[in-house]
Amino acid sequence: MDDKTTNILVVGIGGLGVMTAAEILAEAAINQGYDVKKTEVAGMAQRGGVVSSHVRFGKKVLSPVITKGTADFLIGFEAAESLRWTPYLRPNGVALVNDMKIVPPVVSVGLYDYPTNPVDEIYKSGLSVTAFDAGAVANDLGNPKLVNTVMLGAVSDKLPFPAEVLKSCILDRFRAKKPKLVTLNDTAFETGRRIAAEKSGG
Amino acid sequence: MLENRLVNAPAGTRLLLSGNEATARAVWEAGTRVAAAYPGTPSTEILENLAPFPDIYTEWSVNEKVSLEVAIGASLAGSRSYCAMKHVGMNVASDALMTQTLAGVVGGLVISIADDVGFSSSQNEQDSRFWGRFGHLPILEPADSQETYEMTLAAFEISETYDTPVIVRMTTRICHVKAMVTVGKKIEKTAAGFKPDPARWVMVPGAAKRQLPKMLERDGKLKIASEQSPFNILEDGSDKRIGFITSGPAYMHVRESYPDMPLLKLGFTHPLPMEVIRKFSQQVEKIVVVEETEPLVEGELNGAKLSVPIHGKDILPATDELSPAVIKPAIDSLLGIKTEVVQVVETPAAPLFPRPPTMCSACPHLGVFYTLSRVRNIHISGDIGCYTLGAGQPWEALDTTISMGASMGIALGLDKGRGESDSNKAIVAVIGDSTFLHMGMQGLLDITYNRGNVTVLLLDNRAVGMTGGQENPGSGRDLQGDETPRVDFAKLVEALGVAPERVKTVDPYQLPELFKTIRQEVKIPEPSVIITDQPCVLIDHYIQKPAFTVVDDKCTGCGNCLDVGCPAILVTKRGKEVKPNGQEVDLAFVRIETAACTGCDLCPKTCAPDAIVPLPLPEKGCTTHG
């Protein structure tokens, strides 16, 4: 294990599974013997506010907070939120974005505009971005709640530990809580993984 | 039942725990027999995690003062006892605290106070370490989950050894940060039994006065304890230009930013270990105190006449969270070096829209605030809960929010203190069920007793909504989810002096009736209470109905439905229209997000052309739930 700390920032809005995704990433890192810290700011997240969850792991992690320009990974569960947090990525960092748009009431009542294509803006910044509509993928698989597993599958081959480690963390959770959903989550994970590989390759 | 790892983990197990979870485990391991709290961010999860443990009584109390009194009573009965609250909770509980500190304890009495540094969900930012100075109490300040666990356990020992309540001061970055914790074994404790001792437990002036010297003597003993505490740790460093004195999560940020500088990490922060500090100061060129949020340690150091310069809030902010990004430029500038610039990728987009918290789709409060936004000539005194969001867009139907229960007294004050310009204004107060039971009841009694002219909207959604739908006496269930007598709000407000004919119960989804009732009650110059009786949509007894949809051909773009503020209603197209009178109006055509709509039937009532209709059911049934 090298001394470097890996910083993963998972962002979105309340109810999308941001905190669960961060929790699973943290568990996977623990299984690999890393010291881990995970933190989030989500006081009123249940009310549709912004949620950001920081996962840091390495030999020894002190501060739980990821600061601007230092995230190795940005996992965005919503298009505009991914754009909002892009400055937290380091210049060679990896952004993985669910290109799903959730428009808040402040936009609906006409006070603000929602950017036409947030992901395009992230591309323009020159960062390495993999974006796809994970919500649509989850729906196609028959359950919108799978978006979390699809996203984790998509990032799994880029992490400093094997994708199988992450996958078994997810499936173990379902084995304990909802064993019927193990196979479906396995498929969702592999689908996300395959889409990300195709996107990065092409 | 699912395995609860926090409860079942054998001694020696390493778990990834939040500060709140670590606290719960420690409270149980300490042999605590009674624990009480009122929910409040960021402390709520402590009691939620403690509830499933065996052999411990846990409760949601109606407010923080009662929770502390329950803990005090249990301590007097000889049990180790515990209570948790958010920072503002101690404002409520402090009346009990400030005298119990004179009386002392029998069973160890520990209070966790969670400061919402950075305002994730609070009305102010307080530094609870002040209570240590104010109440002559020891303060422990953990820096991560492991320390939270260790200090909470140690706090019970300190409490019993020194005959004092002990405060464990947490912050949002302790409560909600998960880190590795090695858990231990439960200590078995029995209750010694209550022993009457009027000299201590009956705090009449004479008795209290005799206790005072004992408390001051205790200060001296605690000072020695702090000097010798293993929680005050000296970490040597090679670069002695600065010696840091720091506590809580700030320690982590400092250590990460300056690994080579000497550091005194304080965990037992009141009373301060001044001799340890003095010795430390002799080894460094200058001292920088890094603490959240107020300059408490710094202030005491300034009075201690140390031989080296002391910095702190002259270079660091006295509000909000510290982080390496905040600390580094300030310290580098003190050192006269340029901070290494972190390359930040700025995206070319214009500043993004904010995403403030919103009320949920189908929330029963939506109908209330839609209606209030349409009632003219009223001032609205608000309170603390989800409905505080009624001050925001699109409703803008809440004029004040100060503290729990304050809507009542403030409404009465607005009534009694009204000026000429308010002579035709009615005063309305809006308060939720749990907030009413927490601190609002007394205020309503004051309104009836003093013949105030206030219309109270009591939003009974049967949950403490903002903190995640916890139970309360209005929900009829306790912390364990078991049935318990449910308070009858209509009877309660009648008992508080509201005339029976001035108590109305209304379904907040029935807009015309709600509007009519509010209009009628504000015109009558007596106290009245309108109870809205539909449950929070996030709790398990909410029944979801089939979604609605918009018939495009019928939607005229009037935008009325948007004034409901439901997040499931989205604009598809905007436009303008010139009315026959020449006035130009904005148009907004809408659709309803099927996945978010729960069929509450509120928005159809705002749609004149009847463009919002039930979504035709798919032939094969709904598949959105897995």
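Which residue in strand 3 of chain A is the bridge partner of A:Val36? In this predicted model, the partner of A:Val36 is A:Phe57. That pair is a good place to begin, since it leads into a sheet that both chains share.

The two residues belong to a longer pairing, in which strand 2 of chain A and strand 3 (residues 50-58) of chain A run antiparallel and are joined by seven bridges. Strand 2 (residues 35-41) of chain A also pairs with strand 8 of chain B, again antiparallel, here through three bridges. Within this pairing between the chains, A:Lys37 stands opposite B:Ala179. Strands of a sheet pair through backbone hydrogen bonds, and they may do so in parallel or antiparallel fashion. The sheet that results here is open and holds eight strands, in the order 6(A)-5(A)-4(A)-1(A)-3(A)-2(A)-8(B)-1(B), with mixed pairing. At its edges stand strand 6 (128-132) of chain A and strand 1 (14-18) of chain B; each has a single partner strand, so one side of each is left without a neighbour in the sheet. On average, and ignoring direction, neighbouring strands of the sheet are turned by 20° against each other.

Helices from both chains lie across this sheet. In chain A, helix 6 (residues 147-155) lies across strand 4 (71-76), strand 5 (89-98) and strand 6, and runs at about 145° to strand 5 of chain A. In chain B, helix 7 (residues 145-162) lies across strand 1 and strand 8, and its angle to strand 8 of chain B is about 60°.

The meeting of the two chains extends to further elements. In total, 58 residues of chain A are in contact with 53 residues of chain B. On the chain B side, at least two residues each come from strand 8 (177-182), helix 11 (250-257), helix 14 (324-335) and strand 21 (569-578). By class, this side of chain B consists of 32 nonpolar, 15 polar and six charged residues.

Turning to chain A as a whole, eight helices and six strands are found. Read from the N terminus, the elements follow the order β-α-β-β-β-α-β-α-α-β-α-α-α-α. Chain A has a radius of gyration of 16 Å, close to the 17 Å that the globule rule gives for 202 residues, so it is as compact as a globular protein of that length. The C-alpha trace of chain A spans about 50 × 40 × 40 Å along its principal axes. Of the 202 residues in chain A, 57% are buried. Contacts that reach along the sequence can be described too: among those in chain A between residues at least 6 apart, 62% join residues at least 24 apart.

Chain B is divided by its domain assignment into domain 1 (5-228), domain 2 (233-335), domain 3 (364-532) and domain 4 (548-614). The C-alpha centres of domain 1 and domain 3 of chain B are 33 Å apart. Where these two domains touch, 16 residues of domain 1 of chain B are in contact with 17 residues of domain 3 of chain B. Strand 3 (57-60) and helix 5 (87-103) of chain B each supply at least two residues of the domain 1 side, and strand 3 of chain B gives the most, with three residues. That side of domain 1 has eight nonpolar, seven polar and one charged residues.

Several backbone details in the loops of chain B complete the picture. The peptide bond from B:His270 to B:Pro271 is cis, with omega near -5°, and B:Pro271 lies in the loop between strand 12 (268-270) and helix 12 (274-281) of chain B. Another cis peptide bond runs from B:Glu292 to B:Thr293, with omega near -5°; B:Thr293 is placed in the loop between strand 13 (286-290) and helix 13 (296-303) of chain B.

Positive phi values in residues other than glycine also occur. B:Asp55 has a phi near 60° and sits in the loop between helix 3 (45-50) and strand 3 of chain B. With 11 other C-beta atoms within 10 Å, B:Asp55 is exposed, because 12 or fewer count as exposed. B:Asp601, also not a glycine, has a positive phi of about 70° and is found in the loop between strand 22 (584-592) and strand 23 (612-614) of chain B. B:Asp601 has 14 other C-beta atoms within 10 Å and is partly exposed.

How values were computed. Residues numbered from 1 in each chain as written. Chains lettered and ligands numbered in written order. Predicted model: local features only at pLDDT ≥ 70, side-chain atom pairs only at ≥ 80, totals over all residues. Contact = placed C-beta atoms within 7 Å. Helix = DSSP H or I, 4+ residues; strand = E, 2+ residues; numbered from the N terminus. Nonpolar A, V, L, I, M, F, W, Y, C, P; charged D, E, K, R; others polar. Pairing = 2+ DSSP bridges. Domains from an automatic or database assignment. Buried ≥ 20, exposed ≤ 12 C-beta atoms within 10 Å, placed from the backbone. Rg over C-alpha atoms; globule rule 2.2 N^0.38 Å. Axes fitted to C-alpha atoms, helices over the stretch in contact; angles between N-to-C directions.
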